[in-house]
Amino acid sequence: MHPIVRFKNATSLIVIAVMTFAGSIVMATSPEETNVSEIGNDALATPRATVADFNGDGHPDYVLRNAGTRQTAIWYLNNNIFLGGALGPTIVTGWFLKSAADFNLDSHPDYALFNPTTDQTGIWYMSGPTFIGAAFGPTLPNGWELVETGDFNGNGFPDYVLYNAGTRQTAIWYLANNVYVSGAFGPTLPAGWNVVGIADFDGDSHEDYLLFNSGTHQTAIWYLSGPAFIRGAYGPTIPSGWTLVATADFNGDGHPDYLVYNAVTRQTGIWYLNNNVYLSAAFGPALPAGWSLVGP
């Protein structure tokens, strides 16, 4: 990888940004005004990748993470082919990158961050790989975690997908940029399953949950209408040694595909789907030592 953007003072940048936006912290209640108790952060251990189209060419790109330095990097792809790379901002200690989506509607994906100690969320506004500014998002109630983002009410703004590891309940928090608007419960997950991606698998213009069972390596699609569960279907089973970490439309056929990752070899792979049906597969680029596709 040949980095072309370097943030030597990324930590200073976010400190300045947090101070700048400190007056706009949003405190929101739990979904549907329900009290929740403090529990462990089981979902934080679920490997998830962040993918988004950072250069506006219509192809999803990888966000890489360096656990030692907390540096991020963007790898630009054409389908499964590596085109080039650039360093992104360094994530401040205590914060975790959870997703990338266009929160301020400037046509550039932004980083959605979560601090599991304070339950605070934050948005890092980006232009390609470049950090532009930051704002706090709503603070989550104890016991809930930010796990994904998607536009569940069709208003063009990404919304938060929350998860409660104690009850296995999911919830949608509707946002306008970084501002909490309202919340609704989503379906409760069965034991052993976790949400690893959000996409419209059946083409009905509603976001669906992509689920993965790390014990059986089985995948499933839960079809939704807003936050409401409609039905479910199994997807293909992932082979041993590989993990399902994200979904995006890599070949541009209008159907979300699976992004799979082998943490031992650092190899990536794309499984092409039609709805929940496996069609074919191709290797993506292997990552260099010290870098990973996934993070908590």
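Entry 1: strand β9. I began with strand β9, residues 130–136, and found that five of its seven residues are buried, so that the strand is mostly covered, where buried means under 20% relative accessible area. I note that the model is a predicted one.

Entry 2: the partner of β9. I next looked up the pairing and found that strand β8, residues 120–127, runs antiparallel to β9 over six bridges. I recorded one bridge by name: Ile123 has Ala135 in β9 as its partner. I then examined the connection and saw that β8 and β9 form a hairpin with two residues between them. In that turn, Gly128 has a positive phi of about 65 degrees.

Entry 3: Tyr261. I located Tyr261 in strand β20, which covers residues 257–262. Is Tyr261 buried or exposed? I entered it as buried, because its relative accessibility is 3% and the cut-off for buried is under 20%. I then listed its contacts beyond the neighbours within four places in sequence; among them are Gly241, Trp242, Thr243, Arg266, Leu287 and Trp291. I also looked up Pro47, which lies 214 residues from Tyr261 along the chain, and found their C-alpha atoms separated by 9.6 Å.

Entry 4: Gly56. I placed Gly56 in the loop between β2 (48–52) and β3 (61–65). Gly56 has a relative accessible area of 62% and is therefore exposed, the cut-off for exposed being over 50%. Finally, I checked Gly56 against Ser107: the two are 51 residues apart along the chain, and their C-alpha atoms are separated by 7.8 Å.

How values were computed:
Residues numbered from 1 in each chain as written. Predicted model: local features only at pLDDT ≥ 70, side-chain atom pairs only at ≥ 80, totals over all residues. Heavy atoms only, no water. Helix = DSSP H or I, 4+ residues; strand = E, 2+ residues; numbered from the N terminus. Buried < 20%, exposed > 50% of the residue type's maximum accessible area, 1.4 Å probe, protein only. Contact = heavy atoms within 4.5 Å. Pairing = 2+ DSSP bridges.
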